[in-house]
Each structure stands twice: as C-alpha cells, then as structure tokens.
Amino acid sequence: MRYFDAHSHYTDRKFNRDRHELFVEMQKEGVAYVVDCFGAKEMNLGLSLAKKHNFYYMCINAWDHYGKDDLDINIESNVSLIDKLVDETVIKLKKLCAENKKIVGYGECWMDFRRTEKTPDEVRKAAFWLSKDLEVARKVGLPAVIHSGNADQESFDVIKKTDMPDYDFGKGMMHCYLGPPKMALDYIDMGYLISVTGLVTHRSARGKNLVEVVKQVPLTHMIIETDCPYLTPEPFRDRRNDSSLLKLTVEAIADIKSVSPEEVAELTTANAKAFYRI
Ligand SMILES: [Zn+2]
C-alpha cells in the first residue's frame with residue numbers, strides 16, 4: 001500500500017531528535033509522499049530536507065516574511081502598501097518555486113478563532129487576510145492549503161466570494177476539515193478537496209462529526225493527512241504523530257465507506273498527486 005500524507009509539520013522541533021531515522025522507517029511502511037508545511041523561519045531546514053529525501057515535498061507560506069501582524073492593525077489605511085506587498089510576495093515566491101520544484105503548495109491560508117474572540121472587527125480582518133492568502137496562491141499558481149479553525153461559515157464565505165470557477169483542478173484543499181458534512185459537499189462542488197485527519201478515529205464530538213463527513217464525501221474528492229506532530233489517531237492519542245500512523249486513518253475511512261484499505265490508500269494518493277501536480 002502507498003500512502004500520501006497531504007499535510008505535515010516535520011520541521012517542528014519535536015522531530016529534531018530522530019527525523020532522519022523516522023523518514024527511513026516510514027517509507028518502509030509505505031509512506032510514498034509527504035507534503036510538509038512551514039513558514040519563513042523553517043525555510044532552510046525544509047529546503048534541505050527536500051534535497052535529501054525524495055518523498056518529501058513542501059508547502060510554504062510567505063507572509064511571516066512581511067510582518068503581516070503589524071499591518072493587521074489598520075487595513076484601510078494600508079491598502080496600497082498591502083497591494084505592493086502582495087506583488088512583491090508573488091515575485092519572490094515565483095522565483096523560489098522556479099529554483100525549488102518541490103514546492104507544491106501555498107499555505108496554510110489561515111482563518112482561526114480558537115484563540116481570538118469572534119467580534120465583527122476580528123472577522124473582517126481575518127477575512128481580509130484569508131482573501132489575500134488565496135490571492136497570492138492563485139497569482140503564484142500553487143494550490144491553496146486552507147486552515148479554518150472555529151470559522152466554518154466565515155471561511156466558507158471568503159472562499160465562495162473569491163472563488164474562480166475556471167481555475168484548474170487543484171484550487172484548494174480544506175486541511176483538517178471539521179465543518180458540517182453539507183458544507184464539505186458545497187466545497188467539493190466548487191472544486192475543493194476535503195482533507196481527513198486521524199481525528200476520524202476519535203470518539204469525541206469532532207471525531208463523530210468527521211465520521212459523518214467521511215460518509216458523505218466521495219473518495220474521489222478526499223485526501224488524508226496527519227498534521228503531525230499533532231492529531232495522533234487512536235489508540236496512540238498521547239503519542240507524537242507521524243505519517244506511519246496514516247494507516248489507522250485509512251483503516252477508519254475504509255471501515256466507514258465499506259471498502260478495502262487498499263482502495264482508500266490508492267485513491268487518496270492519486271487525488272493528492274493530482275492536486276499537488278506531483
Ligand atoms: Zn497544520
């Protein structure tokens with residue numbers, strides 16, 4: 001069986017001790033591809049891992065180069081500056097992508113209210129930055145990896161509003177999808193993929209909701225991810241997660257869909273390869 005981990009964080013310091021050994025081991029267990037996601041601070045480590053390990057690809061977010069948080073204070077009085085930063089970011093990223101063919105995604109395109117209060121003003125600002133992230137992804141020509149935390153409807157509204165119906169397959173994937181099943185189908189209608197994590201093995205409310213999502217989303221529009229070192233599947237919940245545990249997510253999906261684990265692994269691998277154009 002071949003597994004494709006569509007979203008991971010191997011530049012995380014939790015892997016400093018044994019990254020290399022782990023990569024060797026997990027490839028023996030069938031992990032054929034990982035797309036690792038990081039920002040500017042981890043760029044050098046990510047690029048060196050991509051050089052060393054054939055199965056390792058990258059998804060990057062450029063904004064932390066540019067002090068997005070400083071600009072966040074007043075969007076209205078910084079509109080032309082932000083437009084200039086978008087243009088500069090696009091130029092830099094295009095150059096970086098030309099030099100590094102293993103950069104295959106842009107993200108995480110971010111909207112999250114797990115730690116911020118959801119006031120109208122915060123929603124307006126977060127929606128603005130999500131739309132800018134999506135704009136950068138499209139101008140660079142990379143598929144967008146979208147993170148939505150406690151922001152199901154708010155993210156959906158931005159994505160729907162900025163959707164470009166004629167854009168190629170691979171416009172975006174909903175990383176660690178936890179929204180309602182019906183919304184997942186609406187995303188699929190717009191051409192987005194639904195990415196399922198190990199939470200599908202958990203007996204929590206989130207896990208149960210995700211089981212419903214998996215029931216309704218066709219395998220043709222599903223990919224799988226660890227989001228490691230986070231979101232470890234059961235029964236290893238308290239351990240650090242890594243891509244070798246994807247098989248537990250695959251087994252859970254196979255069980256829910258009444259198909260074989262092989263079919264889930266092969267289809268999600270093919271979907272992720274097409275999405276990231278690998
Ligand atoms: Zn992540």
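Reader: Let's start with strand E6 (residues 172–175). Which of its residues are buried on each side?

Author: Keep in mind that this is a predicted model. In a regular strand the side chains alternate between the two faces of the sheet. E6 is covered on both faces, with one side holding Gly172 and Met174. The buried residues on the other side are Met173 and His175.

Reader: And which residue in E6 is the bridge partner of Ala144?

Author: Strands of a sheet pair through backbone hydrogen bonds, either parallel or antiparallel. Here strand E5 (residues 144–149) runs parallel to E6, with four bridges between the two. Within E6, the partner of Ala144 is Gly172.

Reader: What about E7, which residue there stands opposite Met173?

Author: Strand E7 (residues 193–196) also pairs with E6 in the parallel sense, over two bridges. Between E6 and E7 comes helix H7 (residues 181–190), and the three make a right-handed β-α-β unit. Opposite Met173 in E7 you'll find Leu193.

Reader: Zooming out, which strands stand at the edges of the sheet?

Author: The sheet is open, has eight strands with parallel pairing, and follows the order E1-E2-E3-E4-E5-E6-E7-E8. An edge strand has a single partner, so one of its sides is left without a neighbour in the sheet. That is the case for E1 (3–8) and E8 (222–224).

Reader: By how many degrees are neighbouring strands turned, and at what angle does H9 run to E1?

Author: On average, neighbouring strands of this sheet are turned by 25° against each other, direction ignored. Helix H9 (residues 246–257) lies across E1, strand E2 (31–38), E7 and E8. Its angle to E1 is about 110°.

Reader: Now the inside. Which helix or strand gives the most residues to the largest nonpolar core?

Author: That core has 70 residues, and the ones touching the most other members are Val35, Tyr106, Met173, Ile194 and Val196. The top contributor to this core gives seven residues, and that is H5.

Reader: How far apart are the end C-alpha atoms of H5, and why does that agree with its length?

Author: H5 covers residues 120–140, which is 21 residues. At 1.5 Å a residue, the helix should therefore span 30 Å. Its buried residues include Trp129, Leu130 and Val136. As for the ends, their C-alpha atoms sit just as expected, at 30 Å.

Reader: What phi does the residue just after H5 take?

Author: Most residues other than glycine have a negative phi, and most peptide bonds are trans. The residue just after H5 is Gly141, and its phi is positive, at about 90°.

Reader: Back to Val196: which residues does it touch?

Author: Val196 is one of the core residues that touch the most other members. Leaving out residues up to four places away in sequence, it touches Tyr177, Leu210, Val214, Met222, Ile224, Thr249 and Ile253.

Reader: Is Thr197 buried or exposed?

Author: Thr197 is in the loop between E7 and helix H8 (205–216). Among the residues it touches are Cys176, Glu225, Asp227 and Thr249. It has 28 other C-beta atoms within 10 Å, and 20 or more is the cut-off, so Thr197 is buried.

Reader: How far is the C-alpha atom of Thr197 from that of Val35?

Author: Along the chain, Thr197 and Val35 are 162 residues apart. In space, their C-alpha atoms are separated by 14 Å.

Reader: Where are the cis peptide bonds of Glu108 and Pro235, and what is omega there?

Author: Glu108 is in strand E4 (residues 103–112), and the cis bond joins Gly107 to Glu108 with omega of about 10°. Pro235 is in the loop between E8 and H9. The cis bond from Glu234 to Pro235 has omega near 10°.

Reader: Asp227 and Arg277 both have a positive phi; which is buried and which is partly exposed?

Author: Asp227, in the loop between E8 and H9, has a phi of about 55°, while Arg277, in the segment after helix H10 (261–276), has one near 55°. Asp227 has 21 other C-beta atoms within 10 Å, so it counts as buried. Arg277 has 13, so Arg277 is partly exposed.

How values were computed: Residues numbered from 1 in each chain as written. Predicted model: local features only at pLDDT ≥ 70, side-chain atom pairs only at ≥ 80, totals over all residues. Expected span 1.5 Å × (residues − 1). Buried ≥ 20, exposed ≤ 12 C-beta atoms within 10 Å, placed from the backbone. Pairing = 2+ DSSP bridges. Right-handed = clockwise from strand over helix to strand, strands pointing away. Core = buried A, V, L, I, M, F, W, Y, C linked by C-beta atoms within 7 Å. Contact = placed C-beta atoms within 7 Å. Axes fitted to C-alpha atoms, helices over the stretch in contact; angles between N-to-C directions.
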